[in-house]
Amino acid sequence: MKSPAMNQAMDILRQLRTLTEGEEPLAQKLDKIVALIAAGMHADAAACYIAVDDTYLELFASYGFKAEAVHKVSLRFGEGLVGEVAKNSRSLAAADAWKHPKFSYKPELGEENFKSFAAVPLIRGNRAIGVLAVQSLQKHEYTRAEMDFLETVAMVLTGLVSSEEMSEYKKTLIKERGISTKEKHKGISLSKGYGLGNAVIHRRRQAVSKIFAEDKEKELQKLEKAHSQMNADLDEKFTSTKIGIGEHVDILDAYRMFAKDKGWYKKIADNIQSGLTAEAAVERAYEDMWNRLSGTNDTYLKERLHDLRDVADRLQSYLSGDIASVKGVDSDDIVVVAQTMGPADLMDYDYTKIRGLIIEDGTPTMHVAIVAKALNIPVVAKIRGIFDEIKTGELLGVDGTEGYVYINPTLAVKDKFKAKIAAQEELKRKLEELKDLPSKTKDGVRINLSINVGLSFDLDYIKSTNCDGIGLYRTEIPFMTSDVMPDVERQLSYYKELMDRAGDRKVIFRSLDVGSDKLLPYWSFGGEENPAIGWRSIRITLDRRAILRKQMRAFLRASADKELNVMFPMITNLAEFEEAKETLMLEVEKEKRRGGAVPRKVNVGLMIEVPAVVFQLDNILPHADFISVGTNDLAQFTFACDRGNPKLTERYDVLSSPFLTMMKEIVSKADQYGVYCSVCGEMGGNPIEAMALIGLGYRNLSMSGSSFGRVKSMVRSMSVEEVSDYVNTLLHSSKRTLRPQLIAYAYDHGIEIY
Ligand code: PEP
Ligand code: MG
């Protein structure tokens, strides 16, 4: 390859300018431009990549490569040689591209036989908006003159690439691909994880078209057929969905019983007798119930209305022959989009194909969210208007971790999703590898890592993580997903299962922690103005002592001949702790008198969630066998910041001097009194926060099973002594957040915090 002679170069630049200013459609212009560049550089191939957003380049025109590669090849900034040029906004040349460490092979391009490579960025406002590349079959060292020429060409092209014409062209491409530009929607997360799939619109509720029946007998037969068909299908679906045992199964069972309710069926039949069609009769039966119950404050009855609406919708679909199905979308990866949804509705779909769920009217305690969680499906809710906006088959990205939905995501976002999903998988693999390695820091300090358990699904993590114990069993979860208050026997079955599956591991039971956002469907908490600081948690169970006593009894029986660890949440002073402890001890005595087997040892602890307790540690610690810091509530009360309010999540940070100082005070006092101290709030499950906690002196952390692998790999890559020195220097900082410093520290010291 020769460098273009001066005259020739000027001639090419002139032709280029004429081309860029010409009237031809942009795609053709670009094709001619790259051909001209290849000729001018005596190269065998040339390509023009254009940035489609801040992170992504797409091949817009090429000469000498496979023609079908245009608009198919895309690269991240930093990916391969072209991506490197874009990322650094700097030209790059290689006599043999294959030998360059940054080279990444793109089979779609057909570049197998090419050797030499040169590329220059198209720069606007210090930023690369595209890359121009040439390649040749022979090895070739590019001269300064050649690179200068290419850079001049790039300057000429920059005007075209940043022109109005180009942005119109991009818009047309977007339209042709059916990509909506308003693609990101913020909602709330009901179940974490990432999923990518095609939209399936869950539509069921339709207006009843015919009200009055011509033939009552026919309508009754229709009802009977639809009703039995619906129930047979429900039975079939529920038994074929193997989702383990536990609360979510209870929910589905309750729903099934409801669908079979004789009183409801009779009401519909009576309505048909009075002259209505079967569909209208179902609607009337619902309306009657709604009129009677909708005014109630009773959350249990309100939930039942929800179920009734779901079952009524379902029956109407059977009556009209319009059963929701996924047949309309031919994809192995689906995202179900619903206005609202009952737990049974999810079973209409093959759950192994569901990659995400979007529920416009969803709330965290709704049953379908609990079932979805148990099935590991990410769920996002509360995005107004999303149900009408999404069309069947559209590609959707569901970010259940942050609570975002992406409609027709760009290549860049799609790629990020794929990376997140791959990371999820990778993490699972890594977890497998880490499972049998010790949870020890680089300087040999053992850190006990336990898991938090709520849903029975979480129990699977005991084995898959090989955790040290269960640092928090949220006993309220089975209470929340049950239709009635579980009696001692029922509770015992939950607790025994946990004890059996935990084996020799330490298990910490927390007494019922309801109220605030944790509602019981069968119990009204009375609509307080500030439920988070109202009648909740230990305050309720001390006032309703029978509930506490029954729970203690179930704990004791589940731990017969084993060690029992019980902790009480939201303790605000020593008196409360002593009262709760006494209740437990009285039950121990009763069990003994009754001749029942009692635990080998009973340890009693409390959660540190209320700031007032931090100032009474000297009084309380001598009476406690252990403490566990509930950082979720402790942070909410320390910063006076509702933990569930998305508007405030960015405002205050636990990684700041006031909170870290408080955390240090707690662990130092516990050490002073020789009391076992752990953290079971979210802080313990977030690698960078867990790193800071270990630096402050914590040696016991408990977290959700899904966070375990990440925390363990962080632990194994840190040095306690070094981190401790660093964290302690930050404690006097007046910065709003110390997160950036801690992250930078982790990166600099090779601490794994992904
Ligand atoms: C906490 O508050 O940190 C805690 C672990 O309890 P919960 O999240 O269940 O309120
Ligand atoms: Mg709490």
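## A charged patch and two unusual backbone angles

Four lysines, Lys-184, Lys-186, Lys-416 and Lys-420, come together as a patch of positive charge on the surface. Keep in mind that you're looking at a predicted model. Besides the patch, let's check out Lys-382, a non-glycine residue with a positive phi, and Met-570, which isn't a glycine but has a positive phi too.

**The positive patch**

- Which elements each supply at least two residues of the patch? They are β7, covering 184-186, and α13, covering 411-434.
- If you want to find Lys-416, look in helix α13.
- Lys-416 has a relative accessible area of 49%, so it counts as partly exposed. To be called exposed, a residue needs over 50%.

**Lys-382 and its positive phi**

- The phi angle of Lys-382 is near 60 degrees, and this residue is not a glycine.
- Lys-382 sits in a loop, with β12 (379-381) on one side and α12 (386-389) on the other.
- Is Lys-382 buried, partly exposed or exposed? Its relative accessible area is 48%, so Lys-382 is partly exposed.

**Met-570 and its positive phi**

- Met-570 isn't a glycine either, yet its phi is positive, at about 55 degrees.
- You'll spot Met-570 in the loop that links β18 (563-568) and α19 (574-593).
- Why does Met-570 count as buried? Its relative accessible area is just 1%, and buried means under 20%.

How values were computed: Residues numbered from 1 in each chain as written. Chains lettered and ligands numbered in written order. Predicted model: local features only at pLDDT ≥ 70, side-chain atom pairs only at ≥ 80, totals over all residues. Heavy atoms only, no water. Patch = residues over 30% accessible without salt bridge, like charges linked within 9 Å, V, L, I, M, F, W, Y side chains within 5 Å. Areas by Shrake-Rupley, 256 points an atom, 1.4 Å probe, with all protein chains shown as cover. Salt bridge = Lys/Arg side-chain N within 4 Å of Asp/Glu carboxyl O. Lys, Arg positive; Asp, Glu negative; His and termini not counted. Charge placed at Lys NZ, Arg CZ, Asp CG, Glu CD. Helix = DSSP H or I, 4+ residues; strand = E, 2+ residues; numbered from the N terminus. Buried < 20%, exposed > 50% of the residue type's maximum accessible area, 1.4 Å probe, protein only.
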